[in-house]
Amino acid sequence: MNHTRVAQLLRIERLRINIKSGVQNTEIAYGMTLVPPDRGSPERLLAWNRGHWRVKNLNHRKMDVAFAEDASLSRKGNAPTNNSLCNCFVLAVILGRGDGKVAEAIRHFALNCQDTFRAVLEPG
């Protein structure tokens, strides 16, 4: 049995500024990693954390532009989560195939069911 151990604990302070009101607040986040200090200096861990949020923000923008998630009226039960999971799956299939134009690929797959099944069931 492989027992992994936490190598480092993290405390990250984020200063947030509301662009419209100018109100500032500080958020403190805690985390842990299996990366030992000799492979992950504080600067490196912070860079990884910032890179994670940059990717997350880019994907959120793609999800909202392609699927209008922010305008969705699904609010009850698991509907918002289920819709988002389905959208993530579709986006992963499209991007995994190298289709750079997400909206164009969605329109194509909506009109071509056989291509849709092939994209999901056959390797890229």
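Visitor: Why is the sulfur of Cys 86 too far from the closest cysteine sulfur for a bond?

Guide: A disulfide is a pair of cysteine sulfur atoms within 2.5 Å. The closest cysteine sulfur to that of Cys 86 is in Cys 88, 9.4 Å away, so the pair fails the cut-off. Cys 88 is therefore in no disulfide either. The count by this rule is zero disulfides. This is a predicted model; local features need pLDDT of at least 70, side-chain atom pairs 80 or more, while totals for chains, interfaces and linings use all residues. Residues are numbered from 1 along each chain as its sequence is written, and side-chain values use heavy atoms, without hydrogens and water.

Visitor: Why is Cys 88 called partly exposed?

Guide: Buried means under 20% relative accessible area and exposed over 50%, with partly exposed in between (1.4 Å probe, protein chains only). Cys 88 has 39%, so it is partly exposed.

Visitor: How do you know that the span of α2 agrees with its number of residues?

Guide: Helices are DSSP runs (H or I, at least four residues), numbered from the N terminus. The expected span is 1.5 Å times one less than the number of residues. For the 18 residues of α2 that gives 26 Å; the end C-alpha atoms are 25 Å apart, so the two agree.

Visitor: What makes the buried residues of α2 line one face?

Guide: They are Asn 87, Leu 91, Val 93 and Ile 94. Seen down the axis, they fall within an arc of 160°, so they line one face. The arc is taken from the directions from the helix axis to the C-beta atoms. Leu 85 and Gly 96, on the other side, are exposed.

Terms used: Helix = DSSP H or I, 4+ residues; strand = E, 2+ residues; numbered from the N terminus.
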